[in-house]
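Subject: Structure handover

Hello,

Here is the structure I promised you. Please open it and keep it beside you while you read my notes.

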Amino acid sequence: MTTLAERGTPTSTPERTRSGAGLTAGLLAALGVLAVVAFVSITFGSRGITLATIWTAFADFDPDSAAQTVIRELRVPRTLLGLLVGSALGLGGAVLQGATRNPLADPGIMGVNAGAAAFIVVGILVLGPLPLSVTVWFAFLGAGAATAAVYAVASFGREGATPIKLALAGAAISAGLYSVTTGVVMTSSAALNELRFWQVGSLAGRYWPVLTQVAPFLVLAILVALACGRLLNGLALGDDMATALGQRVRLTRTVLFVLVAVLCGAATAACGPIVFVGLVVPHIARAICGPDYRWIMVYSAVLSPIILLAADVAGRVVLSPSELQVGVVLGVLGAPAFIALVRYRNLAEL
């Protein structure tokens, strides 16, 4: 008679090896797709530019060439910002869903969008029209303040910031902040115009000055998020089990929410509220690689910029020479994609 150990040994290790090899191969393929999409983002747009011009723009830049200037000063920073913002939103959504154990959690649930919008319009009301480089900082501070307020309110009580309390606190504070925003824009045409430009969600018009301001925050937060897979795996087992395994649940959640505030706050400050990326992409990653957050985080960081840059390119090409903003494209495509995901896969398993 064979023992349980004898039956399990020969099959379990090869399965794990094949799974790990398959996930690694899939990740390499996704990185290849990301490289192609990034190249297409630099190459295609409302203005046709040849490959030779693109090569010359990097190898032998001529500042008097309008086409080369478009590549160096407009499309390259736009593409780099798309890479960073996409990864940040995907990782932020994955962290938030893992920390709250809520499959419908996205940056909006923590008041990120509402806080950023409120600080922008209040800043304009007090200081007058602001350049984009200053607006970014108001949005970043507002996103961070709103996230801190949501977590502080949800932390009241003996059990601390539970997933249900976080969702309720986020909904309440977001509603209050949106009321403030509406009140300000009703009395200030400058605030209304600035909010309309920012709130659509776009990579257009965000060039080197914006990129250099948010890039340090995004790069650091992305690296930290990629290292949080084990913490999220512990929280996925439940608070009691995580505590039994030696994890300090309250401290872990606090760190994770600070991380979400930086990831999504900086991304939202730079590009406005971009919908569905933080909600849908972690589910796609989970469907590919299972419940292990170490893989979910890596896949989310790669798949999100693919989707964001592809939508941005589509918006540039579909209505050429006009342009459809990426927030609009993702809003149109993201809703049916998420409905299909829920339809063909049990949301509770995601």
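Arg206 lies in the loop between α7 (189-199) and α8. This is a predicted model, and every value below is computed from it. Is Arg206 buried or exposed? Arg206 is buried, because its relative accessible area is 1% and the cut-off for buried is under 20%. Now look at what its side chain reaches. A polar atom of the Arg206 side chain lies 2.9 Å from the backbone oxygen of Ala204. The side chain also reaches the backbone oxygen of Ala270, at 2.8 Å. Leave out residues up to four places away in sequence, and Arg206 touches Pro77, Arg78, Leu81, Leu132, Phe197, Trp198, Ala270, Cys271 and Gly272. So Ala270 turns up both as a touching residue and as the owner of a backbone oxygen that the side chain reaches.

Next, the aromatic rings. How many aromatic pairs does a search of the whole structure find? It finds five. Take Trp137 and Phe217 as one of them. Their ring centres are 5.7 Å apart and their planes stand at 80°, so this pair is edge-to-face. The cut-off for edge-to-face is over 60 degrees. Trp137 sits in helix α5 (residues 132-154) and Phe217 in helix α8 (residues 208-226), so the pair ties together parts that are 80 residues apart in sequence. Trp137 is partly exposed, at 34% relative accessibility. Phe217 is partly exposed too, at 30%.

Phe217 has another partner, Phe140. Here the ring centres are 4.8 Å apart and the planes are at 75°, so this pair is also edge-to-face. Phe140 lies in helix α5 and Phe217 in helix α8, so this pair ties together parts that are 77 residues apart in sequence. Phe140 is buried, with a relative accessible area of 14%. Put the three together: Trp137, Phe140 and Phe217 form one aromatic cluster.

Stay in helix α5 for Thr147. Thr147 is buried, with a relative accessible area of 2%. A polar atom of its side chain lies 2.9 Å from the backbone oxygen of Ala143. Which residues is Thr147 in contact with, leaving aside its neighbours within four places in sequence? They are Met110, Val112, Phe257 and Ala261.

Met110 leads us to the cavity, since it is one of the lining residues there. A search of the whole structure finds one cavity of 30 Å³ or more. The largest cavity holds about 40 Å³ of space. Its lining is made of Thr100, Asn102, Ala105, Ile109, Met110, Pro163, Leu166 and Ala167. Which helix gives the most to that lining? Helix α6 (residues 163-185) does, with three residues. By class, the lining has six nonpolar residues, two polar ones and no charged ones.

Now a backbone angle. Most residues other than glycine have a negative phi. Phe276 has a positive one, near 75°. Phe276 is found in the loop between α11 (249-271) and α12 (277-289). With a relative accessible area of 23%, Phe276 is partly exposed.

Two more residues to find.

- Ser65 is in the loop between α2 (51-59) and α3 (66-100). Ser65 counts as buried, at 18% relative accessibility. Its C-alpha atom is separated by 9.4 Å from that of Thr53, twelve residues apart along the chain.
- Ala35 is in helix α1 (residues 4-43). Ala35 counts as partly exposed, at 48% relative accessibility. How far apart are Ala35 and Ile306 in sequence and in space? They are 271 residues apart in sequence and 8.7 Å apart in space, C-alpha to C-alpha.

When you go through the model, try this order. Start with Arg206 and the two backbone oxygens, of Ala204 and Ala270. Then find the cluster of Trp137, Phe140 and Phe217. Move on to Thr147 and its contact with Met110. Finish at the cavity that Met110 helps to line.

Best wishes

Conventions
Residues are numbered from 1 along each chain as its sequence is written. This is a predicted model: local features need pLDDT of at least 70, side-chain atom pairs count only at pLDDT 80 or more; totals for chains, interfaces and linings use all residues. Side-chain values use heavy atoms; hydrogens and water are left out. On a 1 Å grid over the protein atoms alone, a cavity is a set of points where a 1.4 Å probe fits but cannot get out, and a pocket is an open set with protein on both sides within 12 Å along at least five of seven lines; lining residues have an atom within 4 Å of a point. Grid points are joined across faces, edges and corners, and a volume is the space filled by probe spheres set on the points. Helices (H or I, at least four residues) and strands (E, at least two) are DSSP runs, numbered from the N terminus. Ala, Val, Leu, Ile, Met, Phe, Trp, Tyr, Cys and Pro count as nonpolar, Asp, Glu, Lys and Arg as charged, and the others, Gly among them, as polar. Buried means under 20% relative accessible area, exposed over 50%, partly exposed in between (1.4 Å probe, protein chains only). Rings of Phe, Tyr and Trp (its six-membered ring) pair if their centres lie within 6.5 Å; planes under 30 degrees apart count as stacked, over 60 as edge-to-face and the rest as tilted. A polar contact is a pair of N or O atoms within 3.5 Å; within protein, one must be able to donate a hydrogen and the other to accept it, and residues adjacent in sequence count only if both atoms are side-chain atoms. Contact means heavy atoms within 4.5 Å.
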